[in-house]
Amino acid sequence: MLNKIKIFLIKNFLIEKNYKFSLIAQLFSLFLTLIIFFFIDSFFKSEVQKHIDLNINYFSYIFVSFIVFNYSGGGNLIYQKINFDITSGVFEFIVNKKNTITPYILSLWLYSLLLSTLESSVYFIIAHSLGLIKPNLNLISFFILILISSIVFSSIYIITSSFVILFKKGDIFSFLFSVFESIFAGVYFPISALGDFSQLSKLIPLTHSIKAAQKIFYQNAYFWELKEFYILLSFSLILCPLSVYIFKKSIYITRKWGNLNKY
Amino acid sequence: MILLKNIYFSYYSAPFKLKIKVFENFSFNFNKGIIYTLTAPNGYGKTTLLKIIAGFLVPQKGELIIENSVVNFRDFPYDKISLFYNQDRAFYNQLTVKENMYFYGFSDIEEIKNKLTYVNLKTEFLYEKFENLSSGNKAKAVLIKTIMENKPIILLDEPFSYLDQESKESVKKYLSETKKEKYIIIATNNEKEIKEISDKTIRITDVK
């Protein structure tokens with residue numbers, strides 16, 4: 001199992017090596033986005049500030065939100081990798097092999113976790129060295145929170161990939177989910193700004209990840225003290241096995257329909 | 001013995017949307033030690049049949065029995081079967097042949113180099129990206145993977161289409177030498193090409 005995960009991981013990095021510019025562009029685009037929010041913070045300070053209750057400025061808030069949102073994007077990367085394998089044709093050879101589906105899924109999760117951590121570390125180093133953020137960070141708690149969060153995010157995108165494998169109608173589920181969570185999960189603004197709609201936010205795992213991450217990042221909180229952590233743990237215990245089951249099921253059904261290698 | 005019993009298979013283009021019916025109550029058995037040639041006009045199910053035996057497709061009805069065991073398609077015995085089909089889709093274009101081999105679990109470079117003689121592939125192509133290879137060399141690279149898997153059931157779909165004459169002879173020699181221990185089924189539109197090694201020809205249209 002471990003050897004298979006290692007082989008899949010190395011394969012992903014070797015393929016990524018071919019697209020160096022895309023990785024640089026990805027890093028650069030999020031960096032630019034953060035610069036935009038730095039200026040928004042300067043212009044609308046008092047308006048936005050009243051919704052933030054952690055004694056931090058808007059830029060500090062959005063910095064951590066974006067780090068966590070980046071891991072949710074990592075889940076989206078899993079979806080993209082599966083689609084890449086389907087369109088290149090190799091997917092059929094990967095899943096029609098003895099005991100490869102679970103290591104395949106695990107390798108995708110690990111890959112997205114490693115890439116997102118690499119990106120987040122770059123942002124952290126830049127923002128911290130420029131004095132834009134003043135963290136009071138509990139690092140181990142932060143890593144554990146990110147680990148659990150990324151299991152939840154990956155599970156969601158594995159489920160959306162399964163729908164694409166089954167129905168061949170494109171990217172509608174992951175697109176809608178991504179838009180929905182970016183509006184309601186408190187990425188760009190605290191959910192208190194949503195008024196009555198903030199109830200919807202509680203259904204989204206990203207909301208709880210962002211809330212917990214802010215407390216760990218700026219208030220040195222321990223993960224076990226946070227109710228959001230237990231909510232995320234519950235999400236992961238349900239979604240992780242469910243996603244593997246749905247993924248395997250969708251592959252079996254498409255083998256029966258004869259359209260596994262179609263996109 | 002590989003026994004296909006009352007197989008039904010249709011392709012669905014989308015959920016519950018029937019597109020093409022390929023097999024209806026199809027039965028046949030294949031024995032060990034015989035090289036079978038599978039022929040049929042295009043679209044009559046040569047590749048589909050190989051993919052069902054390889055577990056890439058699941059028949060909607062019927063049974064596949066391999067050496068007296070009814071196959072469970074949810075837990076398919078993939079470790080017994082090698083399928084060569086469509087050489088463009090088995091390997092990642094962005095990886096070299098060597099990296100693709102590693103991806104399929106073959107890391108011993110000397111062992112890979114030894115096998116190159118079976119298909120007359122030059123060593124330097126091992127270090128070339130798969131997308132840069134000609135169709136013939138792509139087929140050779142994927143054939144090496146099939147040979148290295150060394151599984152008891154070998155299914156080949158048009159393996160000779162892009163090969164030069166010398167390589168065709170080498171592959172035929174390999175198949176003849178190893179057939180005693182294996183089930184070998186070759187789907188082709190060019191029956192004459194493998195006449196000298198084929199023991200039995202099956203025309204799917206006759207069986208249907």
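Let me start with Tyr78(B) and its surroundings in this predicted model. Leaving aside neighbours within four places in sequence, Tyr78(B) is in contact with Asn96(A), Lys97(A), Lys98(A) and Gly55(B). The residue sits in the loop between strand 5 and strand 6 (81-84) of chain B. With 18 other C-beta atoms within 10 Å, Tyr78(B) is classed as partly exposed, because a residue needs 20 or more to count as buried. As for its place relative to strand 1, the C-alpha atoms of Tyr78(B) and Tyr12(B) are separated by 24 Å, with their positions 66 residues apart along the chain.

That brings me to the contact between the two chains. Chain B contributes 23 residues and chain A contributes 22 residues. On the chain B side, strand 1 (2-14) and helix 2 (97-103) each supply at least two residues. Which element of chain B gives the most to the side that touches chain A? That is strand 1, with four residues. In composition, the side of chain B that touches chain A divides into 13 nonpolar, five polar and five charged residues.

Helix 2 of chain B also appears in the surroundings of helix 1 of chain A, which I take next. The buried residues of helix 1 of chain A pack against helix 4 and helix 6 (101-129) of chain A, together with helix 2 of chain B. Those buried residues are Phe8(A), Lys11(A) and Asn12(A). They cover an arc of only 95 degrees around the axis, and therefore lie on the same side of helix 1 of chain A. The face turned away from that buried side carries the exposed residues Leu2(A), Asn3(A), Phe13(A) and Lys17(A). As to its length, helix 1 (residues 2-17) of chain A has 16 residues, which at 1.5 Å a residue should span 22 Å; the end C-alpha atoms are 23 Å apart, in agreement with that expectation.

Let me now turn to the nonpolar core. In soluble globular proteins, nonpolar side chains tend to be buried together. Here the largest nonpolar core has 121 residues. Which residues have the most contacts inside it? They are Leu145(A), Ala213(A), Leu50(B), Ile53(B) and Leu155(B). Helix 4 (residues 58-88) of chain A gives the most to this core, with 15 residues. To take Leu145(A) as an example, and not counting residues up to four places away in sequence, it touches Ser209(A), Ala212(A), Ala213(A), Ile216(A), Phe223(A) and Phe229(A).

A word on confidence in chain A. The chain averages a pLDDT of 83, and 95% of its residues score at least 70. Among its elements, helix 11 (residues 227-257) has the highest mean pLDDT, at 93, whereas helix 3 (residues 45-49) has the lowest, at 65.

Returning to chain B, I would like to consider helix 5. This helix (residues 165-178) has 14 residues and reaches 20 Å from its first C-alpha to its last, close to the 20 Å expected at 1.5 Å a residue. Within helix 5 of chain B, Ser167(B), Val171(B) and Leu175(B) are buried. Seen down the axis, the buried residues of helix 5 of chain B fall within an arc of 75 degrees, so they line one face of the helix. What covers them includes strand 3 (35-39), helix 4 and strand 8 of chain B. On the other side of helix 5 of chain B, the exposed residues are Gln165(B), Glu166(B), Lys173(B) and Glu177(B).

Finally, three loop residues of chain B. Most residues other than glycine have a negative phi. Glu67(B), however, has a positive phi of about 45 degrees, and Asn120(B) has a positive phi of about 55 degrees. Glu67(B) is found in the loop between strand 4 (61-66) and strand 5 (69-70), and Asn120(B) in the loop between helix 3 (109-115) and helix 4 (135-149). Glu67(B) is partly exposed, with 13 other C-beta atoms within 10 Å; Asn120(B) is partly exposed as well, with 17.

The third residue is Lys192(B), in the loop between strand 8 (183-187) and strand 9 (200-203) of chain B. Is Lys192(B) buried or exposed? Lys192(B) counts as exposed, because it has 8 C-beta neighbours inside 10 Å. Its C-alpha atom is separated by 30 Å from that of Ser10(B), 182 residues apart along the chain.

Definitions and conventions:
Residues numbered from 1 in each chain as written. Chains lettered and ligands numbered in written order. Predicted model: local features only at pLDDT ≥ 70, side-chain atom pairs only at ≥ 80, totals over all residues. Buried ≥ 20, exposed ≤ 12 C-beta atoms within 10 Å, placed from the backbone. Expected span 1.5 Å × (residues − 1). Arc of directions from axis to C-beta. Contact = placed C-beta atoms within 7 Å. Nonpolar A, V, L, I, M, F, W, Y, C, P; charged D, E, K, R; others polar. Core = buried A, V, L, I, M, F, W, Y, C linked by C-beta atoms within 7 Å. pLDDT = per-residue confidence, 0-100.
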